[in-house]
Amino acid sequence: VQLQAFGGGLVQAGGSLRLSCAASGRTFVRAWFRQAPGKEREFVAGISWNGNTYYPDSVKGRFTISRDNAKNTVYLQMNSLKPEETAVYYCAARRFTAVLTTTPEDYDSWGQGTQVTVSS
């Protein structure tokens, strides 16, 4: 399955952005990761087929992941963004299992990434 991410850009600290990721086929688990220069890829949010979500403490309460199964699309609403959250944001999917994990290696499909830059 192919994933295509949209919605990155430049925003001031405290601002909001909404990312979207369209898939060409059915997936069970969808997630967002981010990677800043010189850092490891970091889990940001995940959602299972039935709508269960998981967030790390660093974004909990500010980020919201949602999905439209009919459109094979997931969204990431990011509020109160911080400069340290500047990174390339990647959407990812698990096609063969419904287990939501935070490990990048568990995901079999990846989008091309979209740059999010938060200015101070």
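**Group meeting: walking through an all-strand model**

Okay, let's begin with a pair of strands: β1 (residues 3–6) and β3 run antiparallel and are joined by 4 bridges. By "pair" I mean that DSSP finds at least two bridges between two strands. Leucine 3, for instance, has alanine 23 in β3 as its bridge partner.

Before going on, a word on the ground rules. This is a predicted model, so local features need pLDDT of at least 70 and side-chain atom pairs count only at pLDDT 80 or more, while totals for chains, interfaces and linings use all residues. Residues are numbered from 1 along each chain as its sequence is written, and side-chain values use heavy atoms, with hydrogens and water left out.

Back to β3, which covers residues 17–23. Of its 7 residues, 5 are buried, and buried here is under 20% relative accessible area, exposed is over 50%, and partly exposed is in between, with a 1.4 Å probe and protein chains only. β3 also pairs with β8 (residues 73–78), in the antiparallel sense, over 6 bridges. There, arginine 18 has glutamine 77 in β8 as its bridge partner.

What sits at either end of β8? In the loop between β7 (63–68) and β8 we find asparagine 72, which has a positive phi of about 55° although it is not a glycine. Then, in the loop between β8 and β9, there's serine 80. Serine 80 has a positive phi too, about 50°, and is not a glycine either. Its relative accessible area is 38%, so it counts as partly exposed.

Now for β11, residues 114–119. Which side chains point to which face? Thr114, Val116 and Val118 point to one face and are buried, while Gln115, Thr117 and Ser119 point to the other and are not. β11 has a parallel partner in β2 (residues 9–12), with 4 bridges, and leucine 10 stands opposite threonine 117. It also has an antiparallel partner in β9 (residues 87–94), with 3 bridges.

In that second pairing, valine 88 stands opposite glutamine 115. Valine 88 lies in β9, and its relative accessible area of 22% makes it partly exposed. What does valine 88 touch, leaving aside neighbours within four places in sequence? The list is Phe33, Arg34, Gln35, Gly113, Thr114 and Gln115, where contact means heavy atoms within 4.5 Å. And here's a fun one: valine 88 and glycine 8 are 80 residues apart in sequence, yet 8.5 Å apart in space, C-alpha to C-alpha.

Let's zoom out. How many helices and strands does the protein have? The count is 0 helices and 11 strands; these are DSSP runs numbered from the N terminus, H or I of at least four residues for helices and E of at least two for strands. The radius of gyration is 13 Å, close to the 14 Å that the globule rule gives for 120 residues, so the protein is as compact as a globular protein of that length. That radius is taken over C-alpha atoms, and the rule is 2.2 Å times the number of residues to the power 0.38.

Buried residues make up 45% of the 120. Among contacts between residues at least 6 apart in sequence, 58% join residues at least 24 apart. Last, the C-alpha atoms fill a box of roughly 40 × 30 × 25 Å along the principal axes. That's me done, thanks!
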